[in-house]
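Trainee: Could you take me closely through a single part of this model, strand by strand and partner by partner?

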Amino acid sequence: MNARICFPFLIIACLQARAIEVPRSAVIVQLGINGLHMKPVADTSINSFRMSYPGFYGKVTGESYADASNFVHFGLNLSLNRAAMENGYARISRLCMNYGIGKTYDHVKLTLSPGLCYSQVAYQNESLGTTVAETRFSGSLGLQGDLVLINDGFNYLGLFTEASFMIAKPSRWVHQLSFGISWKPVFRKKPTEPSMP
C-alpha cells in the first residue's frame with residue numbers, strides 16, 4: 001500500500017528535477033559590426049563600387065529550450081552599411097527574419113538559421129545628380145557560433161560570429177559576416193541560497 005502511494009510522488013519528483021535542468025525561454029540581444037559582400041546593380045552612373053567597412057549589426061532573438069542543451073529560436077536582424085563609388089556613395093540596409101535550431105555546450109553555442117532576407121540599396125551619383133534604388137529579396141541561411149562567457153540560467157554573455165548567405169544568383173546576393181556581443185537582458189536577481197543565522 002505504501003509503495004502505491006509513494007510511486008506517484010516519485011514520478012512527480014523526477015519530472016520536477018528534469019524541469020529544473022531545462023533553461024528558461026530567453027530573449028537574446030546582439031550588437032556588433034559587420035561586413036557585406038555584394039555586386040552593385042548594372043547602371044552607367046555606378047562605377048568603381050567598393051564597400052566601406054565596418055557596418056552596424058543588431059539582432060534580437062527569442063530562444064525556447066526543448067531540453068538542457070537543444071533549442072529553437074526566432075530572430076530579426078538589421079544591418080546598415082555604406083559603400084563608396086565614383087562621384088558618390090551607396091547606402092545598404094539588410095533585414096533578415098530567421099527561424100532555426102541550436103545547441104548549447106559548456107562554453108560554445110551553435111545555431112543554424114534558415115530564413116528570408118530583404119535588402120534595399122540606394123546609389124547616389126552627386127556629379128550627375130541621379131539616384132538609383134533597388135531591392136533584393138531571397139531566402140537565406142545563417143550559421144552562428146557563440147563563445148559563452150557567462151551562462152548561469154539568469155545571466156548570459158557571449159561573443160558571437162555569424163555568417164549569413166542569401167540564396168540568389170551572384171548579381172542579387174548580399175552576403176554578410178558579423179561579429180559582436182550577445183547579451184540576455186535580465187531584470188531579476190538570481191535567488192540567493194538560504195543561510196543560517
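**Strand S6 and its two neighbours**

Mentor: Let us begin with one pair of residues: the bridge partner of Leu147 in S7 is Leu159. This is a predicted model, in which local features need pLDDT of at least 70, side-chain atom pairs count only at pLDDT 80 or more, and totals for chains, interfaces and linings use all residues. Residues are numbered from 1 along each chain as its sequence is written, and side-chain values use heavy atoms, with hydrogens and water left out. Strands here are DSSP runs of E of at least two residues, numbered from the N terminus, and two of them pair if DSSP finds at least two bridges between them.

Strand S7 (residues 156–167) runs antiparallel to S6 and is joined to S6 by twelve bridges; the two form a hairpin with four residues between them, and in that turn Gly153 has a positive phi of about 95 degrees. S6 (residues 130–151) also pairs with S5 (residues 108–125), again in the antiparallel sense, over 18 bridges. Within that pairing, Leu112 has Leu143 in S6 as its bridge partner, while Val121 is matched with Glu134 in S6. S5 and S6 likewise form a hairpin with four residues between them, where Gly129 in the turn has a positive phi of about 70 degrees.

These strands belong to a closed barrel of eight strands, S1-S2-S3-S4-S5-S6-S7-S8, with antiparallel pairing.
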